[in-house]
Amino acid sequence: MAGFVMYLLALMCAWGSFPAAGAARSRDVLELTDADFDYLATEHETMLVKFYAPWCGHCKKLAPDFEKAATKLKGTVQLAKVDCTVNTETCSRFGVTGYPALKIFRNGRDTGPYDGPRSIEGILQVMKRQSGPDSVLLESKADLQRFVNHYDASIVGLFAPESAGLAEFLKAAGLLREQFRFAHSTDLSLGQEYNATGECVLLFRPPRLSNKFEDSVVVFSDFLTITSLRRFIRDNIFGLVPHLTAENRERLRVKDLLTVYYDLDYVHNVRGSNYWRNRVMLVASKFRGRGLSFSVANRREFETELQEEFGFGFDGGELPVATIRTRLGQKYSMREEFTRDGRSLERFLEDYFSGRLKRYIKSEPVPERNNGLIKVVVAESFAEIVENPQKDVLILFYSPLCQHCKKLEPVYNQLASQVLPPFVDLSFKCNFPTIYFSAAGRKHEPARYEVQNDTDVEHFGSVLKPHCGTFSPTK
């Protein structure tokens, strides 16, 4: 028996000597303190530092992805963390006021905040760009071809040695490297193939997106400043129909944007991905210059968004679906089946530009019968009833689960029977109960009614009378 116990203890000790996978990952994140930050940070060419507080919920949510990214970037980019509840001097020095704050350091110098996605894939993509120089030196045509033959777009500067343009280009590359790939060369002959003479910047769109509708290379030869280069990249980087992803959607959605979603996969099926994109480009070229941008995207990547924001359900079909999202948040969805000749997409766009297209609003069904004193309004019927400029409307936002709403219900019902204008009962979810008075002719400035614990019909009347002279309580 004693031998068995000793054997068991030996097994336990041996098991304890192997670190857990999670522990190994956490060790890949360098933990820095006030005492060693400056010393250890200077040892790493590129380092992403997370400033956090242990009690912070967002910090806890980020931690697993941050640790996994650290493991995958090991040997390329160092990921580190600083507990700001303990190391207050370091956090204060770098202006940390909220958590988690992510900053990029080069050789111990703070080069600015990390503004990229906070997912594993996002951190990997952004920080791989951050490793190495701001701009890669190209010494030959072969170097140029290798650099631009990449999944993403490339920006290449051609300048004479020691020129002011080169210095400005390198400065811009340092500021924008998180978003774009930069390279430079002092061999001006590299631009001849692209009809570029003298100093210039060449923007190479991704080879996978090459098409017959637009140039694959765009030349910038104007006076170069950081601002002018940034504007040139912004106006040309995406082309006519870019590939919308989770990483670039915020930059693309600053404009009114049509997106066609399908089984797009530029890693495993470039030809199939471009089959539908070319059809979208043909239509987009006909509507160019009318204030609407175009894009294509992977349907699975945006499946939740398509279901929750546009009401699409997926049955595994191969045909694309199309949506329009304006910069003001208005949404339109194409319900006609997407045709291979692009005609259905053209009709969708013609309806949009002519104002015939009905905006998509997530809504419960409009009630079939709605003749009572209190009208039930859903999102679909909100504009028709509440925003009617000829009517005064009192609006109650409520939840069936709200006890205050239940207490208010008989008072509200009594009020409806004593007041002539239509009163509205809304099944919206917000802070409950919430009531607004929307006066005829003043729909743009609804007045909020503060619900009191002792609210009764008389109290409603005293508030409504200045706005609505039709209030007449039953005697």
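User: Which residue is the bridge partner of Ile-324 in strand 15?

Analyst: Happy to start there, keeping in mind that this is a predicted model. Strand 14 covers residues 321–325 and runs antiparallel to strand 15, with three bridges joining the two. For Ile-324, the bridge partner in strand 15 is Tyr-332.

User: Where does that pair of strands sit, and what is the strand order of the open sheet?

Analyst: Strands of a sheet pair through backbone hydrogen bonds, either parallel or antiparallel. Here the pairing is mixed, and the sheet is an open one of five strands. Strand 11 (243–244) and strand 15 (331–333) are the edge strands, since each pairs on one side only. The order is 11-13-12-14-15.

User: Which strands does helix 11 lie across, and at what angle does it run to strand 12?

Analyst: Helix 11 spans residues 270–286. It lies across strand 12 (257–262) and strand 13 (293–298). Its angle to strand 12 is about 155°.

User: And helix 12, at what angle does it run to strand 14?

Analyst: Helix 12 takes in residues 303–310. It lies across strand 12, strand 14 and strand 15. Relative to strand 14, helix 12 runs at about 65°.

User: Let's turn to the cysteines: which two form a disulfide?

Analyst: A disulfide is a covalent bond between the sulfur atoms of two cysteines. A search of the whole structure turns up one such link. The sulfur atoms in question are 2.1 Å apart, which fits the cut-off of within 2.5 Å. The pair is Cys-84 and Cys-91.

User: Is the link of Cys-84 and Cys-91 left-handed or right-handed?

Analyst: The angle about the S-S bond settles this one. At -90°, the link of Cys-84 and Cys-91 is left-handed.

User: Are Cys-84 and Cys-91 buried or exposed?

Analyst: The cut-off for buried is under 20% relative accessible area. Cys-84 has 5%, and Cys-91 has 4%. Because these values fall under the cut-off, Cys-84 and Cys-91 count as buried.

User: What about Cys-59 and Cys-200, buried or exposed?

Analyst: Cys-59 has a relative accessibility of 4%. For Cys-200 the relative accessible area is 3%. With buried meaning under 20%, Cys-59 and Cys-200 are buried.

User: Stepping back, what share of the residues of the protein chain count as buried?

Analyst: The protein chain holds 16 helices and 20 strands. It exposes about 26,100 Å², with carbon and sulfur atoms supplying 51% of that area. Of its 475 residues, the share that count as buried is 43%.

Conventions. Residues are numbered from 1 along each chain as its sequence is written. This is a predicted model: local features need pLDDT of at least 70, side-chain atom pairs count only at pLDDT 80 or more; totals for chains, interfaces and linings use all residues. Side-chain values use heavy atoms; hydrogens and water are left out. Buried means under 20% relative accessible area, exposed over 50%, partly exposed in between (1.4 Å probe, protein chains only). Two strands pair if DSSP finds at least two bridges between them. Helices (H or I, at least four residues) and strands (E, at least two) are DSSP runs, numbered from the N terminus. Contact means heavy atoms within 4.5 Å. Axes are lines fitted to C-alpha atoms, for helices over the stretch in contact, and angles run from 0 to 180 degrees between N-to-C directions. Accessible areas come from the Shrake-Rupley method with a 1.4 Å probe; for residues, only the protein chains shown count as cover.
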